[in-house]
Amino acid sequence: MSMRLRDEATCPICLELFSRPISLSCVHTFCYNCMQMWLLESKDLKLTCPICREVTDKPPIEEWQIKTLTLLTAQHSFLLEQNLHLNDEFLKFWEDMTLDAATANSYLVLSDDLRKVQCGKICHNLMEDPQRFTYVACVLGTLCFSSGCHYWEVEVEEGKEWALGVCKESVDRKRKSGFSSEHGFWIISMKAGALYFSSIPETRIPANRGLSHIGIFLDVEMEEIKFFDVRNDALIYIHRNFSCLEPLRPFFCPELPGESDSGGALSICSR
C-alpha cells in the first residue's frame, strides 16, 4: 500500500514527487515544469503525451487531488519509508518459532514440524497436565521472552476465526473465557469477519480484506507489541505500556471446526 501511494504521487518524467501536477486529455499526469521542458525539446511544439504519444489541442488540467495526495505523501514520508522497510528492519529480530506441544489443548492437531496447528473434533490426549490449556483450543510457542526485541510471522486462513499475540507465562490455563489484557493476554482476534484487540471492552480494529499473513513484533523493554498485515505492508495495531514483570510466550488459537468442515489452520512462517 505504501509503495502504491508513493507511485501515485510520483512524476513519470523526473521520478520525484509531483510539483504543480497537471494532466493531459489522455489522463497521464506530470509536473508542470517537466511538461514545459518536454515541450521545449519537441521540434514541432505539439502537445504530445510523453507516455502514450497522444497529440491533443486541449490545454492541460491542474490536478488538485493529485496535488493533495503529493502533499500528504511528503508530510508523512517518514512513516511511509518505515512501512516500506518494515520487513528488512524486523528480520534482524526474526525468531525460529515452533509450537509447544505440552501446552496444546487436547483437541488441537499439531504438524510434525510443530509449525502448524488446527483444531480437530476428537480429543487426542485425555491426561491432565498443568501446562495444557484445558477448555480453550489454544497453544503457546516454545520460546519465552524476558527481554529484547522479537519478530515472527503467521499465516492464517482467509475468512476464518483465530487469535494471535503473546501472554504471560503464568496465565491460568484452566480459564474458560476472558482472554483479555487484564488477564495477561495481549492478542488480536478475528471474529465474524471483524478484527479486535483484547482490551476491556474489546477494541475493534480496521483491517484490509484478505488478511492472511500476520507479522508480530514484540519489544519487551519498551512494553510494546505491534501487529502487521505483511502482504499489504501495513500496520494493523500497536499496543503500548503493558506492564509485565514476568516472561511472555507467543499465543496461538485456531478456529474451532464446524459441523461440516474443519477449522482453519495457523502456520508459523519460516524465514
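User: How many salt bridges does a search of the whole structure find?

Analyst: Nine. A quick note first: this is a predicted model, where local features need pLDDT of at least 70, side-chain atom pairs count only at pLDDT 80 or more, and totals for chains, interfaces and linings use all residues. Residues are numbered from 1 along each chain as its sequence is written, and side-chain values use heavy atoms, with hydrogens and water left out.

User: Why is the contact between E169 and R249 called a salt bridge?

Analyst: The term asks for a side-chain nitrogen of Lys or Arg within 4 Å of a carboxyl oxygen of Asp or Glu. For E169 and R249 the closest N and O atoms are 2.8 Å apart, so the pair qualifies.

User: What makes E169 and R249 a link between parts 80 residues apart in sequence?

Analyst: E169 sits in the loop between strand 8 (162–168) and strand 9 (185–191), while R249 belongs to strand 15 (residues 248–253), so their salt bridge ties those parts together. Strands here are DSSP runs (E, at least two residues), numbered from the N terminus.

User: Why is R249 called buried and E169 partly exposed?

Analyst: Buried means under 20% relative accessible area, exposed means over 50%, and partly exposed is in between (1.4 Å probe, protein chains only). R249 has 5%, so it is buried. E169 has 29%, so it counts as partly exposed.

User: How do you know that K226 and E224 form a salt bridge?

Analyst: Their closest N and O atoms are 3.7 Å apart, so the pair passes the cut-off. Both K226 and E224 are buried.

User: Which salt bridge does E224 form with R240, and what does it tie together?

Analyst: The side chains of E224 and R240 meet at 2.8 Å, N to O. E224 lies in strand 13 (residues 224–229) and R240 in strand 14 (residues 234–240), so the pair joins parts 16 residues apart in sequence. E224 is buried at 11%, whereas R240 is partly exposed at 47%. Elsewhere, salt bridges that share partners join D100, E169, R173 and R249 into one network.

User: How many disulfides does the search of the whole structure find?

Analyst: Zero. A disulfide would be a pair of cysteine sulfur atoms within 2.5 Å. For C11, the nearest cysteine sulfur, that of C31, is 3.8 Å away, so C11 is in no disulfide. C11 is buried, at 0% relative accessible area.

User: Why is there no bond between C26 and C49?

Analyst: The sulfur of C26 is 3.6 Å from the closest cysteine sulfur, in C49, so the two are too far for a bond. C26 is buried too, with a relative accessible area of 18%.

Methods: Helices (H or I, at least four residues) and strands (E, at least two) are DSSP runs, numbered from the N terminus.
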